[in-house]
Amino acid sequence: MYAVPQKAAALIAQENMLPEGGPVCVALSGGADSTALLLTLRTLGYTVSAFHLNHCLRGSESERDEQFVRALCARLAVPLTVRRADVARLAAEAGLGIEEAARKERYRLLAEAAETPAFAATAHTADDNLETMLFHLSRGTGGKGLAGIPPVRGRIVRPLLACTRSEIEAYLAALGESYVTDSSNLSLDYTRNLIRREVVPILRRINPEAAAAASRLSGLLRTDEAFLEEAVQERLRAAEDGGGWRIDAFPPLLRGRMLHRLLAEGGVPMSQTGARHIRLLEALLDGGNPSASLSLPGGLRARREYGLFFLEQACQSVPAAPPEIPLRVPFSLMFREGVRVCGTVCKKNLVIHKKFNTFSVDCGTIDFDSLVVRVRRPGDRLRLTERGGSKTLKRLMIDHKIPREKRDRLAVFADQYGVIAVEGLGPDQGRQGGGTMSLQLSVEE
């Protein structure tokens, strides 16, 4: 067997890429790499189909490529799907470069063509991997970017990733198979072509096996990345608290990765985040102000509240609590979405439902005609201890580290004489008289 099929078979087995003899759709441009991939997978016994995208970028040359692919698949009796796309228009509409727009459209249509087969195969080689690693290195990257092209990404597999371009060209020459050449690959206007034609040859003068060395580094980095990603996920699960994450559970060595993961899970593309955003988020976590927030790409907002970190949609609307609801005992009603307030009169010290937000106050201290439940108002005061004086609700909520987002939604029981009890804080000690009957108030979620 030739070197290319041997290396492809070894990588397929090592990465558990494809079920033996199973269906796979090849992204076929007609170039040397994709032609070799098609022939290799047929040689290895897979049920092969092909997909070709005419980018309509190179005029007659694009038409030539399509006709070559059609003739090749007809000769080999390989089912072929051909699509056309006005990539220049798509790039302009999306504000992308031609290469990026072409890649996105190619993968989108490839996924459609491969819908019946379980997998789609692309013809990335060891040389492509080396060029990608250098490209990411030149732009500044972390371990994941430096790891290059993964052999498997979801349903996309890359069986030729261990083969060099020279091995592929030798394989096709031995078979007597022709292929087409994309003239745009010769242009130095594209960064990847510049790396391929100017940088890689210098590296090969230093080490003729530079592509193989880069492949080994890719494997090591992917192993490290998998371990670190698992550690990040475990840390984030352990840090979850009250809809956010405990800031003290973000260790310095993993903090940047944890923040990247949260942004990704929040729907922010990696292309919209960078080192600057991570630095801003780290400053938010380290800030001395107990309450602070930061706007992020993708319509997200990050905020810290008393040791907790939150990531949420900036436009997220929180249903407001009603400003005031008159109460007639007994009562049980919705105060705000998901929260019910209840009240009943019972014998002194008899608590019917004992829980955190249950308050028992002396009936003799309450004006039932003016009893209401409402949100806080400027000047509201509460005395939580028998010996201490009263404090404003604002001061008490700060002292009790109640997030600013929640303060104007908490239930405040009051009458014409002032505050009786407050959700999350407790009853006013001035309402703890010596009568025989108590009003039991509760806030239930």
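User: Before turning to this predicted model, which rings pair, and within what distance of their centres?
Analyst: The rings considered are those of Phe, Tyr and Trp, with the six-membered ring taken for Trp. Two such rings pair if their centres lie within 6.5 Å.

User: Which residues form one aromatic cluster with Trp-245?
Analyst: In this predicted model, the structure holds three aromatic pairs. Trp-245 belongs to one aromatic cluster, and its partners there are Phe-250 and Phe-309.

User: How many residues apart in sequence are the parts that the pair of Phe-250 and Phe-309 ties together?
Analyst: The rings of Phe-250 and Phe-309 form an edge-to-face pair, with 6.0 Å from centre to centre and 75 degrees between the planes. Phe-250 lies in the loop between strand 8 (244-246) and helix 11 (252-265), whereas Phe-309 lies in strand 11 (residues 308-313), so the parts that this pair ties together are apart in sequence by 59 residues.

User: Is Phe-309 buried or exposed?
Analyst: Buried means under 20% relative accessible area. Its partner Phe-250, with a relative accessible area of 5%, is buried. For Phe-309 the relative accessible area is 1%, so this residue counts as buried.

User: What is the angle between the planes of Tyr-2 and Tyr-171?
Analyst: Tyr-2 lies in the segment before helix 1 (3-15) and Tyr-171 in helix 8 (residues 165-175), so their pair ties together parts that are 169 residues apart in sequence. The pair is edge-to-face, its centres are 5.5 Å apart, and the angle between the planes is 65 degrees.

User: Which counts as partly exposed, and which as buried: Tyr-2 or Tyr-171?
Analyst: The range for partly exposed lies between the limit for buried, under 20%, and the limit for exposed, over 50%. Tyr-171 has a relative accessible area of 4% and is therefore buried. At 40% relative accessibility, the residue that counts as partly exposed is Tyr-2.

User: How are helix 6 and helix 10 oriented to each other?
Analyst: The axes of helix 6 (residues 126-139) and helix 10 (residues 210-239) come within 9 Å and cross at roughly 70 degrees. Angles of 65 to 115 degrees count as roughly perpendicular. Helix 6 is therefore, relative to helix 10, roughly perpendicular.

User: How many charged residues does the contact of helix 6 with helix 10 have?
Analyst: The crossing of these two helices, helix 6 and helix 10, is left-handed. On the side of helix 6 the contact is made by Ala-126, Asp-127, Asn-129, Leu-130 and Met-133, and on the side of helix 10 by residues including Ala-210, Ala-214 and Leu-217. By class, this contact of helix 6 with helix 10 has seven nonpolar residues and three polar ones, and the number of charged residues is one.

User: How many charged residues are in the contact of helix 6 with helix 9?
Analyst: The axes of helix 6 and helix 9 come within 10 Å and cross at roughly 100 degrees, which means that helix 6 is roughly perpendicular to helix 9. Among the residues that make the contact are Asp-127, Glu-131 and Phe-135 of helix 6, together with Arg-192, Arg-196 and Arg-204 of helix 9. The residues of the contact of helix 6 with helix 9 divide into seven nonpolar and two polar, and the charged ones number six.

User: How far apart in space, C-alpha to C-alpha, are Asp-182 and Arg-58?
Analyst: Asp-182 has its place in the loop between helix 8 and helix 9 (191-206), and at 23% relative accessibility Asp-182 counts as partly exposed. Leaving aside neighbours within four places in sequence, Asp-182 is in contact with Arg-58 and Glu-61. Although Asp-182 and Arg-58 are 124 residues apart in sequence, their separation in space, C-alpha to C-alpha, is 8.9 Å.

User: Which residue does a cis peptide bond join to Val-329?
Analyst: The cis peptide bond has an omega of about -5 degrees. The partner is found in the loop between strand 12 (324-326) and strand 13 (331-336), and the residue joined to Val-329 is Pro-330.

User: What is the phi of Ala-77, which is not a glycine?
Analyst: Ala-77 lies in the loop between helix 3 (60-76) and strand 3 (80-84), and at 66% relative accessibility Ala-77 counts as exposed. Although Ala-77 is not a glycine, its phi is positive, at about 60 degrees.

How values were computed
Residues numbered from 1 in each chain as written. Predicted model: local features only at pLDDT ≥ 70, side-chain atom pairs only at ≥ 80, totals over all residues. Heavy atoms only, no water. Axes fitted to C-alpha atoms, helices over the stretch in contact; angles between N-to-C directions. Helix = DSSP H or I, 4+ residues; strand = E, 2+ residues; numbered from the N terminus. Parallel < 35°, antiparallel > 145°, perpendicular 65-115°, else oblique. Left-handed = near helix turned anticlockwise from the far one by under 90°. Contact = heavy atoms within 4.5 Å. Nonpolar A, V, L, I, M, F, W, Y, C, P; charged D, E, K, R; others polar. Phe/Tyr/Trp six-rings, centres within 6.5 Å; stacked < 30°, edge-to-face > 60°. Buried < 20%, exposed > 50% of the residue type's maximum accessible area, 1.4 Å probe, protein only.
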